[in-house]
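This report describes side-chain contacts and helix packing in a single structure. The sequence and the model are shown first, and the account follows.

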Amino acid sequence: MRLSRYFLPVLKENPAEAQIVSHRYMLRAGMIKQQAAGIYSWLPLGYRVLRRIEEIVHEEQQRAGHIPLLMPTLQPADLWRESGRYDDYGEEMLRLKDRHGRDMLYGPTNEEMITDIFRSHVESYKSLPLTLYHIQWKFRDEIRPRFGVMRGREFLMKDGYNFDIDKEAALHAYNRHMVSYLRTYERMGLTAIPMRAASGPIGGDNTHEFLVLASTGESEVFYDDRVTKLKLGARAIDYDDRAEVAGVCAEFTTLYARTDETHDAAAFEAVPEAHRKVGRGIEVGQIFYFGTKYSEPMGATVVTPEGTRVPVHMGSHGIGVSRLLGAIIEASHDDRGIIWPEGVTPFPVGIVNLKQGDGATDAACEGLYRALKARGLEPLYDDRDERAGAKFATMDLIGLPWRITVGPRGLAAGTVELTSRRSGESEEMGAEAAVARVAEIYAGR
């Protein structure tokens with residue numbers, strides 16, 4: 001993509017309404033535009049990151065054996081009346097009537113609708129276990145939407161729902177989601193700690209939130225800092241092996257880590273003082289097991305091998321897809337702008353032409369552009385007729401992990417400059433070597 005042809009409406013000044021770093025940088029980098037309180041248009045740069053996050057979520061859900069579908073944003077109120085939640089949910093639910101006077105709602109979550117789909121099509125235990133999920137826009141009418149996409153009214157969420165014959169099978173689904181979520185966040189360059197949490201309006205006794213440590217987090221968190229060193233890495237995990245999956249979950253949940261809602265002061269005191277930490281965290285996902293809370297009142301049952309009917313055991317599992325952009329920026333930035341991890345960056349590398357219009361530098365940049373695209377890497381080429389300082393400022397603000405700088409002096413020596421946005425370190429090398437280095441960094445991502 002050539003920047004001269006791209007839509008990137010960057011701002012030089014900090015918007016007055018932006019209170020936290022992620023909101024400020026997303027507005028300044030031309031990623032979003034507010035259309036109403038807590039409701040945003042996703043501009044091209046922000047949309048690219050949003051779609052990259054979606055791709056990772058889809059890949060890890062399907063690796064775990066979960067099946068995608070798509071449910072609508074609008075739901076009939078009668079489904080929620082069956083479950084008993086329509087009147088209990090509160091004013092966060094946006095209620096409306098269609099032209100025929102039928103009560104509808106803009107879905108804040110999909111437990112009722114997915115249960116209706118299940119009961120309409122599944123009769124036998126032979127169809128279990130089953131996990132269905134989708135990535136869809138949700139709406140919750142926050143009384144005070146703030147912090148940009150971190151607490152908006154309209155947001156993109158992955159929500160998945162498991163259906164199992166009994167509690168033991170459903171808890172395996174719970175564990176399977178925990179492991180798939182850990183891998184998802186790692187691929188995005190995040191350390192997301194699973195913490196025992198409260199269930200809220202979803203219901204159920206078993207629930208963990210995944211929190212990213214950040215000073216702007218809405219939750220106070222108490223944790224053993226050794227949990228931040230745990231990684232799944234590239235290890236292979238058999239999601240059908242209950243013992244293996246449970247073992248991974250135990251590895252990540254044995255060390256103390258809780259939000260203020262479930263904090264146990266006595267248990268926290270037992271953590272060695274050197275590892276006892278208090279901070280703040282941003283919630284980026286939550287998993288629930290709630291048994292037959294929805295299947296019983298809504299008649300979602302299956303026939304057992306003995307010929308009797310039993311309500312299925314269920315759970316729901318959410319990832320805040322749009323919220324993740326804000327969380328990643330809060331965890332990865334400096335005073336010049338965003339620092340995208342390679343897994344979610346909108347473009348893998350930026351090319352900066354220090355002397356636009358000069359035949360040699362133009363040709364060298366074109367050669368780099370074509371060579372990177374031939375490797376399956378789409379660079380963002382700043383081919384604008386701007387001074388070098390403005391080009392560097394734009395690249396720093398939008399946060400691409402790598403930058404290749406091309407100028408007459410370097411070309412005279414047969415080199416270009418490859419710079420890491422995270423470390424700030426630069427290295428001079430030949431153009432072919434720079435392309436090979438960037439391709440090596442992104443290999444397998």
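## Contacts and packing

Ala267 is partly exposed, with a relative accessible area of 32%; buried stands for under 20% relative accessible area, exposed for over 50%, and partly exposed for values in between, with a 1.4 Å probe and protein chains only. Ala267 belongs to helix H7, where helices (H or I, at least four residues) and strands (E, at least two) are DSSP runs numbered from the N terminus. From C-alpha to C-alpha, Ala267 and Arg5 are 57 Å apart in space, and they are 262 residues apart in sequence.

The model is predicted, with local features requiring pLDDT of at least 70 and side-chain atom pairs counted only at pLDDT 80 or more, whereas totals for chains, interfaces and linings use all residues. Residues are numbered from 1 along each chain as its sequence is written, and side-chain values use heavy atoms, with hydrogens and water left out.

### Salt bridges

Side chains of opposite charge can pair when their charged atoms come close. A salt bridge is taken here as a side-chain nitrogen of Lys or Arg within 4 Å of a carboxyl oxygen of Asp or Glu. On this criterion there are 30 salt bridges. Three of them are listed below with the separation of their closest N and O atoms.

| Acidic residue | Basic residue | Closest N and O atoms |
|---|---|---|
| Glu60 | Arg63 | 2.9 Å |
| Asp159 | Lys138 | 2.8 Å |
| Asp224 | Arg226 | 2.7 Å |

Glu60 and Arg63 both lie in helix H2 (residues 44-63), three residues apart, which means that about one helical turn separates them. An α-helix has 3.6 residues a turn, so residues three or four places apart point the same way. The two partners nevertheless have unlike surroundings: Glu60 is buried at a relative accessible area of 0%, while Arg63 is partly exposed at 47% relative accessibility.

The bridge between Asp159 and Lys138 has 2.8 Å between the closest N and O atoms. Asp159 is in strand S8 (residues 154-164) and Lys138 is in strand S7 (residues 130-139), so this pair ties together parts 21 residues apart in sequence. Asp159 is buried, at 2% relative accessibility, and Lys138 is buried as well, at 1%.

In the third pair, Asp224 is buried at 2% relative accessibility, and Arg226 is partly exposed at 34%. Elsewhere, salt bridges with shared partners join Glu59, Glu60, Arg63, Arg183 and Arg187 into one network.

### Aromatic rings

Rings of Phe, Tyr and Trp (its six-membered ring) are paired if their centres lie within 6.5 Å; planes under 30 degrees apart are stacked, those over 60 are edge-to-face, and the rest are tilted. The count of aromatic pairs is 11. One of them, Phe118 with Phe163, is stacked, at 4.2 Å centre to centre and 5° between the planes. Phe118 lies in helix H4 (residues 111-121) and Phe163 in strand S8, so the pair ties together parts that are 45 residues apart in sequence. Phe118 and Phe163 are both buried.

Phe222 and Phe268 form an edge-to-face pair, with 5.6 Å between centres and 80° between the planes. This pair links distant parts of the chain, Phe222 being in strand S11 (residues 219-224) and Phe268 in helix H7 (residues 265-269), 46 residues apart. Phe222 and Phe268 are each buried. In addition, ring pairs link Tyr181, Tyr185 and Phe210 into a cluster.

A charge sits over a ring if NZ of Lys or CZ of Arg is within 6 Å of the ring centre and within 35 degrees of the ring normal. Arg48 lies over the face of Phe347, 3.9 Å from the ring centre, and the charged end of Arg81 is over the ring of Tyr86, 4.6 Å from its centre.

### Helix packing

Axes are lines fitted to C-alpha atoms, for helices over the stretch in contact, and angles run from 0 to 180 degrees between N-to-C directions. Helix H2 and helix H9 (residues 321-331) pack at about 110°, with axes 9 Å apart. H2 and H9 are therefore roughly perpendicular; angles of 65 to 115 degrees have that label, those under 35 are roughly parallel, those over 145 roughly antiparallel, and the rest oblique. Of the 11 residues of H9, 10 are buried, including Leu324, Leu325 and Ile328.

Helix H10 (residues 359-374) and helix H13 (residues 431-442) have axes that come within 10 Å and cross at roughly 30°. That angle makes H10 roughly parallel to H13.
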